[in-house]
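I opened this entry to note what I looked up, starting with one helix and then turning to the loops and the confidence values.

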Amino acid sequence: AGVIVKYRFVYKGNPCLRIGVITIRKEIKILDVSCVPVEPVPIEHIDYPIEEVVMMNGRMLSTRTTSTRNSRQSSIDQLSVKSELDGFNEEASRRYSVIRKEVKDNHGSWKSLSQLQEIELAEILTLWRQASDLGHGPSQFNLGIMYREGRGVKKSASKAVELYEKAALQNIPKAQFNLARMYQQGIGCNQSDINAFKWYRKAASHDIVKAQFNLGLCYQLGTGVKQSDSSAGRWYQRAVEKGDANSQYNLGAMYEYGLGGLLKNQKKALSLYQLAAHQNYKPAINHLKLFSIEQTPSSSPSSSSSSSLISS
């Protein structure tokens, strides 16, 4: 089982098959050498070309024929395996969704799965681990969630952070957001507002709405970045355009009190508060009870979640 790489080449005129498996560091570990004569195969004795065949769970992911020694020694990342790994991740995700729905529908617990569910979850985790070991970002993110929640594996926040970061470095937006949360809360890593801001900004640039709100809040509170109401307002506005109630409320307050370079606009503020209230956002509902277009309150309402960023 696992990801297998086979090298077919000619050794001193005799057909030879070398089998290797890819480790987490993407190095090739030779498991077996079958050739004539049976002896180690010095690379300088290999005749080119060499055919590389990558297989996973009995399925061929890709083949490549190399004609030079340098290309043979190139990284596995250069193989065209991404689309196939995407397929494995989608299969694992689909199967995981079935188990998750069963647990939810039965009001069950992940700690009391049936034997069949445990077997299925183990197979799902195997797919994600194998794809993750090949550097597949979405699989690293999904495996990170499993470690964060302790589903099918021993719960480990530090392992989750490690996997989130690997995926985040490959521009997986949800991984960037989750990593930012871990840094902001100091879970599985040393607490760092600067790192939290860094990853919220990256996730926000990929249109993760919660990240856009949290980034706005970072700017408004000066958390991990120099305080800037104008920057906060811009990020709240981007999240408002996607219907985020937190941002509707905070941007409403900025219009009500003329913060961040915005002109006071009571009608605009009222409209934003109402949008948030329609989503049953309690701070907006409570504020609307006191809000009056004719009379501006003497003090501004507290920013949404001013004590902590979104954590769910």
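**Helix 2 and its surroundings**

I listed the buried residues of helix 2 (buried meaning under 20% relative accessible area, exposed over 50% and partly exposed in between, with a 1.4 Å probe and protein chains only) and found Leu85, Phe88, Asn89, Ala92, Arg95, Tyr96, Ile99 and Val103. This is a predicted model, in which local features need pLDDT of at least 70 and side-chain atom pairs count only at pLDDT 80 or more, while totals for chains, interfaces and linings use all residues. Residues are numbered from 1 along each chain as its sequence is written, and side-chain values use heavy atoms, leaving out hydrogens and water.

Helices here are DSSP runs of H or I with at least four residues, numbered from the N terminus. Helix 2 covers residues 82–105, 24 residues in total, and I read 34 Å from its first C-alpha to its last, close to the 34 Å expected at 1.5 Å a residue, where the expected span is 1.5 Å times one less than the number of residues. Just after helix 2, I noted a positive phi of about 50 degrees at His107.

**Two loop residues**

Most residues other than glycine have a negative phi. Asn171, in the loop between helix 5 (157–168) and helix 6 (173–185), has a positive phi of about 65 degrees and is partly exposed at 48% relative accessible area. Asp207 lies in the loop between helix 7 (193–205) and helix 8 (209–221), with phi near 65 degrees and a relative accessible area of 40%, hence partly exposed.

**Confidence**

The mean pLDDT (the predictor's confidence in each residue, from 0 to 100) of the protein chain is 78, and 67% of its residues reach 70 or more.
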